[in-house]
Amino acid sequence: MAERPGAPTAPELVLETDTGSTVMSPSRDYHVGRDPLSDIVIDDDRVSWHHAVLRPEDDHWTLQDEHSTNGTFADGHRVDAWDVGPGSVIRFGSPADGPRIVLLGRPAPPAPERLSAVSHPGLTSTYRQPTSVRPLPARTVRIGRAADNDLVVDDLIVSRHHAELRSRPDGTYEIVDLGSHNGTYLNGLRVTAATVGPGDIVGIGHSDFCLVGDMLQEYVDTGEVSLDVQGLTVAVDRGRKTLLDDVSFPVHEDCLLAVVGPSGAGKSTLLGALTGQRPADHGTVLYDGRDLYHDYPELRQRIGLVPQDDILHAQLTVRRALSYAAELRFPQDTAKAERHARVEEVMRELGLDQRADQPVHSLSGGQRKRVSVALELLTKPSLLFLDEPTSGLDPGMDRSVMHMLRGLADDGHTVVVVTHSVLSLDVCDRLLVLAPAARWPTTGRPTRRCPSSGSRRGPRRSRPSRGTATGTGRAGSRARPCTGATSPTTPPSPGSRAPVRS
């Protein structure tokens, strides 16, 4: 974890595991082991707690075994020290089937005409490949939801006639908003008319458009997005009190991440920083490769936040409450039948169709929470945050709500839930435990952490129980599993250290 003085000459490398990628900077060392505080965490019994370290030396990288029990292997041979570079394959614990890492040369920066506002588009779900590519005509292209547009976007938050991409005599293009309800965005900022250059991102609803040569590429945010949190720091009282201290972790697509911790650990502060409502003082949040803070005006439409207190009109029926919300969130030119169809779809998705005509005040606490979630799902957010959704619920309702969130993640949403309850953490993919001590995080799979938290959910996707590597590096790490973080800088008191897996 130590930073190296002086200008490094070793090349940047990309370290790949079975679960993700980490960009290795030559300014620091990278520790490998089972310790959750390692830069590269490998959850395998054959791997030692502190197994090996990758170090930049002059103009190259070296691998140093740290007296591991079962050894480090390169080219099939056990090694203590070894020069590594692009193409190196390293195994830990066994030369035949031990968990491995592969080192690759960092790809060249994308050409300037390709998505200049996206960090490593090849590592994202949305921007890895365009959804569609069409030639750019030398005329005006009208974009909208209606079938008579040149480019039809099937998205209820898009107006029927939303915007026009106009060709200018000098060969350049201009995007012009046509008075849309939810706005047209250029590189994350709302515009009424603006010049579009190569690599610029035009955002309309859940679709992004980019000019590449004489082609127009479309990228559709289908909901399978990742979140990469890098070095979040929040301080108050003119810097005298730190609430979050250099918090970094990735959240992969379709993940249900639970954030737990005692009162005062920084959960609400972290939630505000992750949603963009209260940005961190330092650090970045990448929404599928895009800077959430910079592009917040556009990306906020793709984020749903369910607060702890239900914001519902208690006298309305479920159907009417959702219908009124749909009228506010969808463009005014949305037909009543379209709104009604979306309301019915969301109620079926959350199991509310049998209670559609019940007043909200007559519902149980768990059912009311489902209605609050349904309000956010109307606009199909890709990223859903929930603040204490099970607060005040009995154990049965607690489990019902958590299983609902499990279903949303399985259906293609990325879900982050802040909770005090540990009754149903076994349905989550990963846990992130915030503790008042600055450097004592606890991370891991909930079924390993909480053996008494209830019956385990059935198989959902193939995930190995051995050889799973989790990257916990700083900026640039993109390991697939969600990992842990730290929060405030209060020194740990005796007995305050969170338990960690041995």
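**Entry 1: H3 against H5**

I began with the pair H3 and H5 in this predicted model, and I found that H3 and helix H5, which spans residues 365–377, pack at an angle of about 25° with their axes 9 Å apart. Since angles under 35 degrees count as roughly parallel, I entered H3 as roughly parallel to H5. I also noted the hand of the pair, and H3 passes H5 in a right-handed crossing.

I then looked up which residues make this contact, and on the H3 side I listed Val318, Ala321, Leu322, Ala325 and Arg329, which meet Val371, Ala374, Leu375 and Glu376 in H5. Sorted by class, the contact of H3 with H5 has 7 nonpolar residues, no polar ones and 2 charged ones.

**Entry 2: Gln367 in H5**

Staying with helix H5, I picked out Gln367, which lies in it, and asked myself whether Gln367 counts as buried or exposed. Its relative accessibility is 14%, and because buried means under 20%, Gln367 counts as buried. Leaving aside residues up to four places away in sequence, I found that Gln367 touches Leu352 and Arg355.

**Entry 3: H3 against H4**

I returned to H3, residues 318–329, and looked at how it packs with helix H4, residues 336–349: the angle is about 130° and the axes are 10 Å apart. That angle makes H3 oblique to H4, and the crossing of H3 and H4 is right-handed.

For the residues involved, I wrote down Val318, Arg319, Leu322, Ser323, Ala326 and Glu327 from H3, and Arg339, His340, Val343, Glu344 and Met347 from H4. By class, I recorded 5 nonpolar, 2 polar and 4 charged residues for the contact of H3 with H4. Going back over my two lists, I noted that Val318 and Leu322 of H3 appear in the contact with H4 and also in the contact with H5.

**Entry 4: H1 and the residue after it**

Next I turned to helix H1, residues 267–275, and I found that H1 is mostly covered, with 7 of its 9 residues buried. I listed the buried residues of H1 as Lys267, Leu270, Leu271, Gly272, Ala273, Leu274 and Thr275. I then looked just past the end of H1, where Gly276 follows with a positive phi near 85°.

**Entry 5: positive phi outside glycine**

The value at Gly276 led me to look for positive phi in other residue types, bearing in mind that most residues other than glycine have a negative phi. One of the residues I found is His67, with a phi near 55°, placed in the loop between strand S6 (60–65) and strand S7 (72–74). His67 has 80% relative accessibility, and as the cut-off for exposed is over 50%, His67 counts as exposed.

I also entered Asn187, which has a positive phi of about 55° although it is not a glycine. Asn187 likewise has its place in a loop, here between strand S17 (184–186) and strand S18 (189–191).

**Entry 6: the chain as a whole**

I closed with totals for the chain, whose secondary structure comes to 7 helices and 34 strands. Of its 502 residues, 55% count as buried, and the accessible surface of the chain comes to about 21,400 Å², with 50% of that belonging to carbon and sulfur atoms. For contacts between residues at least 6 apart in sequence, I noted that 61% join residues at least 24 apart.

How values were computed
Residues are numbered from 1 along each chain as its sequence is written. This is a predicted model: local features need pLDDT of at least 70, side-chain atom pairs count only at pLDDT 80 or more; totals for chains, interfaces and linings use all residues. Side-chain values use heavy atoms; hydrogens and water are left out. Helices (H or I, at least four residues) and strands (E, at least two) are DSSP runs, numbered from the N terminus. Buried means under 20% relative accessible area, exposed over 50%, partly exposed in between (1.4 Å probe, protein chains only). Contact means heavy atoms within 4.5 Å. Accessible areas come from the Shrake-Rupley method with a 1.4 Å probe; for residues, only the protein chains shown count as cover. Axes are lines fitted to C-alpha atoms, for helices over the stretch in contact, and angles run from 0 to 180 degrees between N-to-C directions. Angles under 35 degrees count as roughly parallel, over 145 as roughly antiparallel, 65 to 115 as roughly perpendicular and the rest as oblique. A crossing is left-handed if the near helix is turned anticlockwise from the far one by less than a right angle, and right-handed if clockwise. Ala, Val, Leu, Ile, Met, Phe, Trp, Tyr, Cys and Pro count as nonpolar, Asp, Glu, Lys and Arg as charged, and the others, Gly among them, as polar.
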